[in-house]
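This briefing introduces a structure to a reader who has not met it before. Please look over the sequence and the model shown here, and then go through the points grouped by topic.

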Amino acid sequence: QVQLVESGGGLVQAGGSLRLSCAASGRTFSSVAMGWFRQAPGKEREYVARIVWSGVGTYYADSVKGRFTISRDNAKKTVYLQMNSLKPEDTAVYYCAAAVTYCSGYGCYDPLKYDYWGQGTQVTVSS
């Protein structure tokens, strides 16, 4: 089992920034990649970004490319999501997730490709 705990959400004005953290514990060696998703009220869970634990791969949804940056600290087993130039449409509950198998391309957008999930952290962007 892998346990994931998100933090760093909150209320911010449009144009502002937040940094989310996701601390992993347990059998973290079983995961090969971490992802961030978000879910707004009444909408499906949406892929945001992904990073592999080894190597240099980072991948983003078009809606956040150039504004959000995913990074990791392997020693701390923590993944971050730096969110800049936030927009009201970024308002959602943000979840981190761990995958134990590799994926490629749009296949990585599917929440079913991820095996473990955190409880989520609320991000609210006011206009």
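Which hand does the link of C103 and C108 have about the S-S bond? In this model, which is predicted, the link of C103 and C108 is right-handed, with 120° about the S-S bond. The points that follow go from the chain as a whole to one sheet, then to the disulfides, and at the end to a single leucine.

**The chain as a whole**

- The secondary structure of the chain consists of eleven strands and zero helices, and the pattern read along the sequence is accordingly β-β-β-β-β-β-β-β-β-β-β.
- The chain is as compact as a globular protein of its length, because its radius of gyration of 13 Å is close to the 14 Å that the globule rule gives for 127 residues.
- Taken along the principal axes, the box filled by the C-alpha atoms of the chain is roughly 40 × 30 × 25 Å.
- Of the 127 residues, 44% count as buried, while the accessible surface of the chain comes to about 6,500 Å², with 51% of it belonging to carbon and sulfur atoms.
- Among the contacts in the chain with a separation of 6 or more, 58% are accounted for by residues that lie 24 or more positions apart.

**A sheet of four strands**

- Four strands, in the order β1-β3-β8-β7, form an open sheet in which the pairing is antiparallel.
- The edge strands of this sheet are β1, covering residues 2–7, and β7, covering residues 68–73, and each of them pairs on one side only.
- On average, and with direction ignored, neighbouring strands of this sheet are turned by 20° against each other.
- Strand β7 pairs with β8, which covers residues 78–83, in the antiparallel sense over six bridges, and the bridge partner of F68 in β8 is M83.
- As general background, the strands of a sheet pair through backbone hydrogen bonds, and they do so in either a parallel or an antiparallel way.

**The two disulfides**

- A search of the whole structure finds two disulfides, and when the bonded cysteines of the chain are numbered in sequence order, the pairing is 1-2, 3-4.
- One disulfide joins C22 to C96, with an S to S distance of 2.0 Å, and both of these cysteines are buried.
- Because C22 lies in strand β3 (residues 18–26) and C96 in strand β9 (residues 92–99), this pair ties together parts that are 74 residues apart in sequence.
- The torsion about the S-S bond of C22 and C96 is about 55°, so this disulfide is right-handed.
- Another disulfide joins C103 to C108, with an S to S distance of 2.0 Å, and C108 counts as buried because its relative accessibility is 6%, where buried means under 20%.

**A leucine in strand β3**

- L20 lies in strand β3, one of the strands of the open sheet described above, and it counts as buried because its relative accessibility is 0%.
- Although L20 and G9 are eleven residues apart along the chain, their C-alpha atoms are separated by 6.2 Å.
- Which residues is L20 in contact with, leaving aside its neighbours within four places in sequence? They are S7, G8, G9, W36, V79, Y80, L81, M83, Y94, T121 and V123.
- One of these contacts of L20, M83, is also the residue in β8 that serves as the bridge partner of F68.

Note on methods: Residues are numbered from 1 along each chain as its sequence is written. This is a predicted model: local features need pLDDT of at least 70, side-chain atom pairs count only at pLDDT 80 or more; totals for chains, interfaces and linings use all residues. Side-chain values use heavy atoms; hydrogens and water are left out. Two strands pair if DSSP finds at least two bridges between them. Helices (H or I, at least four residues) and strands (E, at least two) are DSSP runs, numbered from the N terminus. Axes are lines fitted to C-alpha atoms, for helices over the stretch in contact, and angles run from 0 to 180 degrees between N-to-C directions. The radius of gyration is taken over C-alpha atoms; the globule rule is 2.2 Å times the number of residues to the power 0.38. Buried means under 20% relative accessible area, exposed over 50%, partly exposed in between (1.4 Å probe, protein chains only). Contact means heavy atoms within 4.5 Å. Accessible areas come from the Shrake-Rupley method with a 1.4 Å probe; for residues, only the protein chains shown count as cover. A disulfide is a pair of cysteine sulfur atoms within 2.5 Å.
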